[in-house]
Amino acid sequence: MFSKTLQDKIDRAKARMTPTKLGNVEFASPLLLAPMSAICNAPFRRLMEDLGAGGTVSELISCHGINHGNLRTRNMLKLDPHEKNVGLQLFGEDPNAMALAAKVANDHNPKFVDINMGCPVKKVVSKGGGSALLKDTSALGNFFGTIKKELTIPLTIKIRTGWDSDHLNADEVIHIAKEEGVEFVAIHGRTRTQQYTGDANWEYLEKMAQISPLPVIGNGDLHTATATKERMEKTHCPALMLGRGPLRDPFIFLDSYIKPEDQIRFSALDYLEVIQKLFDYMNGHTDVEKTLVIQMRKHIMWFAAGFDGVTHFRRGLFNHNNVDETLKYTENYFNDLTQRGMAFKRIDHSQAFMTSGHG
Ligand SMILES: Cc1cc2nc3c(=O)[nH]c(=O)nc-3n(C[C@H](O)[C@H](O)[C@H](O)COP(=O)(O)O)c2cc1C
């Protein structure tokens, strides 16, 4: 639980959320946290569910790592018992290796197993995984079918719009997936060639949502609650997925439901509580202090984006190498913001943020 003041705001915002069902997968609401490598581990996913994400997906996990019994990879499969609506995402190119790994993932009891078909990174694509799977659609029926056979829970996919602008083939991929019993598809509205440049192609996503035989989750560039609200009002997608937005604004899910008459705003002290909560969750997840500090620093830097004096604060963050000092330094900054009457932040969205990733 958060403080009574913050928990009250969260509960009031959550009262406006409605559960949604995509295929056979139920979510607490139609705004989901997108998978992000080295970010969407169990503590972060749990925090985002606390803060209104209707469901979450793990970072991409290598099927080969799982099958080889790699300890680091196997640990990625572990869920927090408090997580409710979580999927585990696997990547790989070989149907049999993926099927074997999917069975192991299934045994960890997520709500669904998701296949990464959007990763643009060379190391993954050159082996035929990630977005390379969109290239040879003739192999996809067997690929999905082989994996699906090993699962007792739903199979889902996350794709891009296509390999490049001359090959926008999400509709073809979706039809094959539907035939093989896939439950839903999340689409990042860019091609592989685009990587993270340009804008997400919402026109195409909306078209897909209208013609697709599977529920389509629209994804890409919903960086603010305002943009998310606007999209929710007009979209044909039964759900939307947010990746980078929640990294700098952990209240983006809640804010997307809040109405002006609710008079709810999240302040510096709320951000501080979120940081402390994430630390609590991470503390249970890793007991190596150095790892904990590095991971926390990353999130603190993102969460602090847009607050007054953040550049100076960030510089100082690197002078602290243990958890207690890092938290104390952070507490002082957020308390000071409040005392100086600078409790609210404004993020400059004209600056690019995180322009590489695995999907
Ligand atoms: C740092 C980072 C890591 C990512 N890792 C994954 C991943 O593991 N699996 C995946 O399917 N997509 C991954 N993605 C893509 C996101 O899920 C999402 O599709 C993309 O960021 C666009 O959504 P956004 O504009 O809301 O961030 C990653 C993106 C980023 C920025």
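This report covers the two domains, the ligand surroundings and the salt bridges of a predicted model.

**Domains**

The chain is assigned two domains. Domain 1 spans 17–261 and domain 2 spans 268–339. Their C-alpha centres lie 29 Å apart. Domain 1 gives 16 residues to the contact, and domain 2 gives 14 residues.

Together, domain 1 and domain 2 bury about 1,400 Å² between them. Carbon and sulfur atoms account for 72% of that buried area. Polar links are also present: 3 residue pairs are in polar contact between domain 1 and domain 2, with both residues at pLDDT 80 or more. The salt-bridge rule finds 0 across this interface.

Which elements give two or more residues to the side of domain 1 that touches domain 2? They are α2 (42–50) and α11 (245–248). The largest share of that side comes from α2, with 6 residues. By class, the side of domain 1 that touches domain 2 has 11 nonpolar residues, 1 polar residue and 4 charged residues.

**Ligand surroundings**

There are 23 residues around the ligand. Those that come nearest are P35, Q89, N219, D221 and R244. The table sets out three atom pairs between protein and ligand.

| Residue | Protein atom | Ligand atom | Distance |
|---|---|---|---|
| Q89 | polar side-chain atom | nitrogen | 2.8 Å |
| D221 | backbone N or O | oxygen | 2.7 Å |
| G359 | backbone N or O | nitrogen | 3.4 Å |

Q89 uses a polar side-chain atom to approach a ligand nitrogen. For D221, the atom is a backbone N or O, and its partner is a ligand oxygen. G359 also places a backbone N or O atom 3.4 Å from a ligand nitrogen.

**Salt bridges**

How many salt bridges does a search of the whole structure find? The search finds 10. One pair is D262 and R16, whose side chains meet at 2.8 Å, N to O. This pair links distant parts of the chain, with the two residues 246 residues apart. D262 sits in the loop between α12 (252–257) and α13 (268–285). R16 sits in the loop between α1 (4–14) and β1 (20–22).

Conventions. Residues are numbered from 1 along each chain as its sequence is written. This is a predicted model: local features need pLDDT of at least 70, side-chain atom pairs count only at pLDDT 80 or more; totals for chains, interfaces and linings use all residues. Side-chain values use heavy atoms; hydrogens and water are left out. Domain bounds come from an automatic or database domain assignment. Contact means heavy atoms within 4.5 Å. Buried area is the accessible area (1.4 Å probe) that two parts lose on being put together, summed over both. A salt bridge is a side-chain nitrogen of Lys or Arg within 4 Å of a carboxyl oxygen of Asp or Glu. A polar contact is a pair of N or O atoms within 3.5 Å; within protein, one must be able to donate a hydrogen and the other to accept it, and residues adjacent in sequence count only if both atoms are side-chain atoms. Helices (H or I, at least four residues) and strands (E, at least two) are DSSP runs, numbered from the N terminus. Ala, Val, Leu, Ile, Met, Phe, Trp, Tyr, Cys and Pro count as nonpolar, Asp, Glu, Lys and Arg as charged, and the others, Gly among them, as polar. A residue is near a molecule or strand if one of its heavy atoms lies within 4 Å of it.
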